[in-house]
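Reader: Please give me a close look at one part of this model, the nonpolar surface. Then work outward to the pocket, the charged pairs and the backbone.

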Amino acid sequence: MKSINYEYTNLQELDSFIKEHEIKNAPNLLVQVFCGIVEIGYLQSLLSDLNSVLDKSYIMGATTDGAINGAEVSIKNTIISFTIFDKTLIKSNLITLEQLGNSSFDTGEALAFSLVQSDTRAFITFATGLDTNGEEYLKGIGKITGDIVVAGGLAGDNGEFKKTFVFDNNTITSNGAVAVSLQ
C-alpha cells in the first residue's frame, strides 16, 4: 500500500502529478477528497476532472473545515489523498438520508450492510455534517461492522453551518453518506 497527498489546483497539474507519481488508474486505487470549497459547481467540476483521468478508481469525498496535508492544515483548498493498494479489494456506496426516512442510525446500518463482508478489514465513511447525528450513524454502522476498523467523519463547511456535501464518483449530496469497505 502506498499513500500520496496532493493539493488540487487544476486538471493539467493533476494529470502531471498522477504521471509523475505513477498513480495507476485501477480498481485498487482509493481517491479521498477533502474539499474546503463548498460550492456545488466547483465539486461537479472537480469530480469531472478526477473521473476524466481516473475513471476506474474509487472516489469518495467530503467538504471540510480544514484538511491535513503533511504537517499543515489547509483551509479553503482541496486535498486529494491517493491510496494505492496491492491486493485489497474496494467496494463503495453512497446513500441519501431521504432514502431511509432521514434516520442517521438506519443510514449507517444500511450503508454498512451494503458493503461489509466476512473478509472486510476496514470501513471508511463520510456523512453530511448538518443533518447527520454522528453518534446514531456510528451505532448503525457498528451494528453491522462489529470489530472492523471504522474511520471517517462528518463533512464541514468552514464553520458556516449552512450546507455540507459528500460525494462518490458520480453523485454529490447534501443529505447522506458515502463509504468504502476494504477487503
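Author: Start with the nonpolar surface patch. Ile68, Val73 and Ile75 make this patch, which covers about 330 Å². The model is predicted, so read every value here as computed from that prediction.

Take Val73 as the reference point. Val73 sits in strand E5, which spans residues 72–74. Is Val73 buried or exposed? Its relative accessible area is 60%. Exposed means over 50%, so Val73 qualifies. Patch members need over 30%, and Val73 at 60% therefore clears that bar too.

Now move to the largest pocket. It holds about 340 Å³ of space. Which residues lie closest to its centre? They are Phe34, Thr63, Thr64, Gly66 and Leu154, out of 24 lining residues. Several strands supply two or more lining residues each: E3 (58–63), E4 (67–69), E6 (78–84) and E9 (149–154). Which of the elements gives the most? Strand E9 does, with 3 residues. By class, the lining has 12 polar, 10 nonpolar and 2 charged residues.

One pocket strand deserves a second look. Strand E6 holds Ile80. Its relative accessibility is 0%. Buried means under 20%, so Ile80 counts as buried. Compare its sequence and space separations from Leu94. Ile80 and Leu94 are 14 residues apart in sequence. Their C-alpha atoms are 19 Å apart in space.

Ile124 gives another pair to set beside that one. Ile124 is in strand E8, residues 122–127. Its relative accessible area is 12%. That value is under 20%, so Ile124 is buried. In sequence, Ile124 and Val180 are 56 residues apart. In space, their C-alpha atoms are 5.3 Å apart.

Next, the charges. How many salt bridges are there? The count comes to 4.

Begin with helix H1, residues 11–20. Asp15 and Lys19 both lie in this helix. They are 4 residues apart, about one turn of the helix. Their closest N and O atoms are 3.1 Å apart, and the two form a salt bridge. The cut-off is 4 Å, so the pair at 3.1 Å qualifies. The partners sit in unlike surroundings by class. Asp15 is partly exposed, at 26% relative accessible area. Lys19 is exposed, at 59%.

A further salt bridge joins the side chains of Lys143 and Glu109, at 2.9 Å from N to O. This pair links distant parts of the chain. Lys143 lies in helix H4 (residues 134–145) and Glu109 in helix H3 (residues 104–115), with the two positions 34 residues apart in sequence. Lys143 counts as exposed, because its relative accessibility is 55% and the class begins over 50%.

Stay on helix H4. Lys139 and Glu135 both lie there, 4 residues apart, about one turn of the helix. Their side chains meet in a salt bridge at 3.7 Å, N to O. That distance also falls within the 4 Å limit, so the contact counts. Lys139 is partly exposed, with a relative accessible area of 43%. Glu135 is exposed, at 55%. What joins them to a further residue? Salt bridges that share partners bring Glu135, Glu136 and Lys139 into one network.

Last, the backbone. Most residues other than glycine have a negative phi. Two residues here call for a check.

Asn102 is one of them. Its phi is positive, about 60°, although Asn102 is not a glycine. Where is it? Asn102 is found in the loop between strand E7 (90–96) and helix H3. At 49% relative accessibility, Asn102 counts as partly exposed. Exposed starts over 50%, so Asn102 falls outside that class.

Phe161 is the other. Phi of Phe161 is near 55°, a positive value in a residue other than glycine. Phe161 lies in the loop between strand E9 and strand E10 (166–168). Its relative accessibility is 65%, so Phe161 counts as exposed.

That loop leads back to the pocket. Strand E9, at one end of the Phe161 loop, is also the element that gives the most to the pocket lining.

Terms used. Residues numbered from 1 in each chain as written. Predicted model: local features only at pLDDT ≥ 70, side-chain atom pairs only at ≥ 80, totals over all residues. Heavy atoms only, no water. Patch = residues over 30% accessible without salt bridge, like charges linked within 9 Å, V, L, I, M, F, W, Y side chains within 5 Å. Areas by Shrake-Rupley, 256 points an atom, 1.4 Å probe, with all protein chains shown as cover. Buried < 20%, exposed > 50% of the residue type's maximum accessible area, 1.4 Å probe, protein only. 1 Å grid on protein atoms, 1.4 Å probe; cavity = no way out; pocket = protein on both sides within 12 Å on 5 of 7 lines; lining within 4 Å. Points joined across faces, edges and corners; volume = space filled by probe spheres on them. Nonpolar A, V, L, I, M, F, W, Y, C, P; charged D, E, K, R; others polar.
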